[in-house]
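Okay, everybody's here, so let's get going. I'll put the model up, and then we can walk through it piece by piece.

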Amino acid sequence: MNPKINELISTLMFPRENYPGNWYENSQQGVEVLKDNWKNKDIILYANSFSTVNIRSVLVSSKEINILDAERLSNLYIDEGKSWKIHNTYCENVLSDLSINPPLSGTIIENGEPLIFKRNFSHVKDYQPKFEVSQKLVHSLDLYCNEENNSYYTRDSQGRKQKIITIYDNKETDYYKNLSVVTIRKYALEKYMSLSEMSLVTRFNFLRKRFPDIILDEIQSNTYKHTDLYFTNEIKSGLASYTYGYLVNHTNITKVDLINKMKEDEDNGNKKYQSFIIKDRKSGQIIESSCDPKCTANYFTESDLPFEISPAFFNPEVLLRYKNDLERFTINERSISCSGVWYLQLYDINEEGQVFTYLKYLADLPYKEQLHWKFYNEKPKACISKRAFENDILGEFTKNDTFLQKLKQLVKQLNQNSPSWWIRRDNKLIKQVFIPYTGTTREWKDMILALDQLIFEGFDKEGLRSEINYKGRETKDRRPLNLLELTLQLYCKSEIEVNSLVAPIRKLHQLRSKMVAHSDPEEERKALNDALNNHDSLSNHFQDLVQQVYLSINNIVELLPPNNE
């Protein structure tokens, strides 16, 4: 829960140390807490703690709110358990009509819009009611639910996650300590209120008792009427108090404000562009040019401007930002996107390990993203890749899949076929394996770990044991690769062939153990030197290892049956 919200709710539930005056007489304090809450970034839509705190909010047409009876509204009961319902109408015990009743049917705000629901299916055994949020609200604000932390999110203009709605539902063994709170980010709520022309009506009850069994008799009662605020305060001197009523909050944000903000965000006329070192495809010269479309030309335009398809080259570290935040960014073999915010249509790697893309596509990036690429911009050390030349320049479709692409596709096929000896690999594991083009030890070690998690940890020990038992053999060995070798021996004639087949996977796992898991500095140094001496670069070493692992897995798939046969 937001610390600020937690502090507000705690203020209503428990007396603070050294509280000035009698806390039990001052349930009216809750009114001030709610008024102050509208100044915060998170707004309480719902709060319930037994009988101590009860806050429930609904939206009501701004035009209707001023003509509603204040006293009836202050006594309104908002039941989060009620939703849309098919209503049966009977006439003389005969069904005469069917209709759909809204959640607030029968109340003075029948056309109001509840935002929070908690339906109770009494006919479902052991059903635990859960909070639900208005789907109209969720869909309109383009929110998605993360069930792990019971919250709703959206993405900002930079593709970053923004928590909009938080549901806190603490179910204690002691019923009297239960606390449920639902909050929403204020700017999102006000946007919805403005477009729907509604105001937020918050119905509240605050009860404070020095002792649980105190009866509220012989009380002093006062009713307070203000614009958008109506409440009654009852006090039993020194022992208890009870405050109930409603508060109305309006938004000052207008539809015009929202439109102007969107126009400002979408104003491409004010978009800024960076300049990059490029190899101009028209002149063949290495020059610096802005990626502004006004400063480039295509093949069909006669001008002295560089071609928009001229490549700019970058240090491979330009990609680390995206590789390290796969929740926000999606990196495909030749494209990068950011949560629907921006899209780099084409990029590739040349023979020297440089990342390159074209001015045309750099222009599509937000200016801040252009600055990121600018930082890593460098002169070309080689031309663009053969694949890029054929596909991007000649317009020929050539499918030159790398061995890493082939390996990932093979893993996806195993996931789909689900043989008994394979543990389905999560898509996150598949996406997090890349070629370590930066050449740094850190990235290389990370990719060794990621590749081992994807492949080695995919072999199911119990599934392999099942294969062995199915063929009438027994073993007490529990090591996955040993079990894999025993399984393969059931389908191969040569033990040498089996050892050769499993060797790349064993090599991968041993390398992980040396470099990542139980690292010995001397073994780590030797493994690093071997990789560099035998392959010139860590990137080349990794690609060679991936090739060996792919060929190994591919042969294993061909040898082993998809299931026990």
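Let's begin with helix H1, and with what sits on top of its buried residues: the cover includes H2, E1, strand E2 (53-61), strand E11 (179-185) and E12. H1 itself runs over residues 3-13, and the buried ones there are Ile 5, Leu 8, Ile 9, Thr 11, Leu 12 and Met 13. Before I go on, a reminder that this is a predicted model.

Some of those covering elements come back when we look at empty space. How many cavities of 30 Å³ or more are there? The count is one, and its volume is about 50 Å³. Helix H2 (29-37), strand E1 (42-49), strand E12 (198-209) and strand E15 (240-249) each give at least two residues to the lining. If you want to click through the lining, pick Leu 34, Asn 37, Trp 38, Ile 43, Ile 44, Leu 200, Thr 202, Leu 247 and Asn 249. By class, that's six nonpolar, three polar and no charged residues.

Next, the cores. In soluble globular proteins, nonpolar side chains tend to be buried together. Here the largest nonpolar core has 79 residues, and the members touching the most others are Trp 373, Ile 455 and Leu 484. Which helix brings the largest share of this core? That's H19, residues 538-559, with eight residues. There's also a second, separate core of 25 residues, with Leu 45, Val 133, Leu 143 and Val 182 among them.

Let me zoom in on Leu 484 for a second. Skipping neighbours within four places in sequence, Leu 484 contacts Phe 459, Leu 464, Val 502, Ile 505, Ile 556 and Leu 560. Of those, Ile 556 falls within the residue range of H19, 538-559.

On to the rings. A pair of aromatic rings is described by the distance of the centres and the angle of the planes. In this model there are 24 aromatic pairs. Take Phe 121 with Tyr 127: the centres are 5.2 Å apart and the planes are at 85 degrees, an edge-to-face pair. Are those two buried, exposed or partly exposed? Phe 121 has 27% relative accessibility, so it counts as partly exposed, and Tyr 127, at 28%, is partly exposed as well.

Now compare Tyr 230 and Tyr 246. Why is that pair called stacked? Because the planes are at 5 degrees, with the ring centres 6.1 Å apart. Tyr 230 is in strand E14 (residues 229-236) and Tyr 246 is in strand E15, so the pair ties together parts that lie 16 residues apart in sequence. Tyr 230 is buried at 7% relative accessibility, and Tyr 246 is buried at 9%.

There's a ring cluster too: Phe 276, Phe 314, Tyr 322, Phe 329, Trp 342 and Trp 373 are linked by ring pairs. You'll remember Trp 373 from the largest core. Two others in the cluster, Phe 329 and Trp 342, lead us to Ser 337. Beyond its neighbours within four places in sequence, Ser 337 is in contact with Arg 328, Phe 329, Thr 330, Trp 342 and Tyr 343. Ser 337 belongs to strand E20 (residues 336-338), and with a relative accessible area of 18% it's buried. The cut-off for buried is under 20%.

A few backbone spots before I finish. The loop between strand E3 (85-91) and strand E4 (94-101) holds Glu 92 and also Asn 93. Glu 92 isn't a glycine, yet its phi is positive, near 55 degrees. Asn 93 isn't a glycine either, and its phi is positive at about 65 degrees. How accessible are they? Glu 92 is exposed at 73%, and Asn 93 is exposed at 76%.

Then there's Glu 197, which follows H6 and has a positive phi, near 55 degrees. Within H6 (residues 186-196), the buried residues are Lys 186, Ala 188, Leu 189, Glu 190, Tyr 192, Met 193 and Ser 194.

Last one: Ser 157, in the loop between strand E9 (151-155) and strand E10 (161-170). At 57% relative accessibility, Ser 157 is exposed. From its C-alpha to that of Asn 324 is 19 Å, and the two residues are 167 apart along the chain.

Definitions and conventions: Residues are numbered from 1 along each chain as its sequence is written. This is a predicted model: local features need pLDDT of at least 70, side-chain atom pairs count only at pLDDT 80 or more; totals for chains, interfaces and linings use all residues. Side-chain values use heavy atoms; hydrogens and water are left out. A nonpolar core is a set of buried Ala, Val, Leu, Ile, Met, Phe, Trp, Tyr and Cys residues joined through side-chain atoms within 4.5 Å. Buried means under 20% relative accessible area, exposed over 50%, partly exposed in between (1.4 Å probe, protein chains only). Helices (H or I, at least four residues) and strands (E, at least two) are DSSP runs, numbered from the N terminus. Contact means heavy atoms within 4.5 Å. On a 1 Å grid over the protein atoms alone, a cavity is a set of points where a 1.4 Å probe fits but cannot get out, and a pocket is an open set with protein on both sides within 12 Å along at least five of seven lines; lining residues have an atom within 4 Å of a point. Grid points are joined across faces, edges and corners, and a volume is the space filled by probe spheres set on the points. Ala, Val, Leu, Ile, Met, Phe, Trp, Tyr, Cys and Pro count as nonpolar, Asp, Glu, Lys and Arg as charged, and the others, Gly among them, as polar. Rings of Phe, Tyr and Trp (its six-membered ring) pair if their centres lie within 6.5 Å; planes under 30 degrees apart count as stacked, over 60 as edge-to-face and the rest as tilted.
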